[in-house]
Amino acid sequence: MKIIYGGAFDPVHNEHVNMIKYLLSLDIADKVIVLPSANPPHKNCGTLFSQRVDMLDIALDGLDDVEICDIESKDTCKHYTCEVLPKLKAKYKEISFVIGGDSLEQLNNWKNPQDIVKICPLIVFKRGKSDRFDEALKYWRDKGAEIFVCDYEPDDVSSTLVRYFAE
């Protein structure tokens, strides 16, 4: 199985790398596919896609079983998860998709979330304390979603704050 880990990675930081190492330690996948968003619908990236890929190459140097996928760089369209995952499933066959606990809570606001949970299992990293997480987890599992909740909770690091302090 391939684990798809998407994000803007603007910039990539140590916690992204730690999460990838954790995913590799699970022994449920033969590879982690890192999927940088070229033109995410929910935010504007201030850094060129090619520069973010270069930063990922540097940050992930020395990690085995990790691949950077540039599928979203082929055009300038907005790329929605429900449209990208079927392409990745066709390419890699058996996949799972990583999201944060905050994203699970907001999954109803994503484009065609019911399609996303039918395409592949979700791997969820909790992000801090939230009263809504358990409710969202139950809701999506009741809808038939296969969801694995990681026992690793990432430190509260934000690419936005990294950019802010780098200026």
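How many salt bridges does a search of the whole structure find? The search turns up seven. A salt bridge here is a side-chain nitrogen of Lys or Arg within 4 Å of a carboxyl oxygen of Asp or Glu. Side chains of opposite charge can pair when their charged atoms come close.

Before going on, keep in mind that this is a predicted model, where local features need pLDDT of at least 70, side-chain atom pairs count only at pLDDT 80 or more, and totals for chains, interfaces and linings use all residues. Residues are numbered from 1 along each chain as its sequence is written, and side-chain values use heavy atoms, with hydrogens and water left out.

**A strand with covered faces**

Let's look at strand E5, residues 122-125. Helices (H or I, at least four residues) and strands (E, at least two) are DSSP runs, numbered from the N terminus. Leu 122 and Val 124 sit on one side of E5, Ile 123 and Phe 125 on the other, and all of them are buried. Buried means under 20% relative accessible area, exposed means over 50%, and partly exposed is in between (1.4 Å probe, protein chains only).

E5 also has strand partners; two strands pair if DSSP finds at least two bridges between them. Strand E4 (residues 95-100) runs parallel to E5 and is joined to it by four bridges, with Val 98 partnering Ile 123. Strand E6 (residues 147-149) runs parallel to E5 too, with three bridges, and there Ile 123 stands opposite Phe 148.

Put helix H6 (residues 133-142) together with E5 and E6 and you get a right-handed β-α-β unit. Right-handed means that, with the strands pointing away from you, the path from the first strand over the helix to the second runs clockwise.

**Back to the charged pairs**

Here are some of the salt bridges, with their N to O distances.

| Pair | Distance |
|---|---|
| Asp 30 and Lys 2 | 3.0 Å |
| Lys 31 and Glu 67 | 3.5 Å |
| Lys 111 and Glu 83 | 2.7 Å |

Asp 30 and Lys 2 meet in a salt bridge, and this pair links distant parts of the chain, 28 residues apart: Asp 30 is in the loop between helix H1 (14-25) and strand E2 (31-36), while Lys 2 is in strand E1 (residues 2-7). Asp 30 is partly exposed at 42% relative accessibility, whereas Lys 2 is buried at 17%.

Lys 31 and Glu 67 form another salt bridge. Lys 31 belongs to strand E2 and Glu 67 to strand E3 (residues 66-68), so this pair ties together parts 36 residues apart in sequence.
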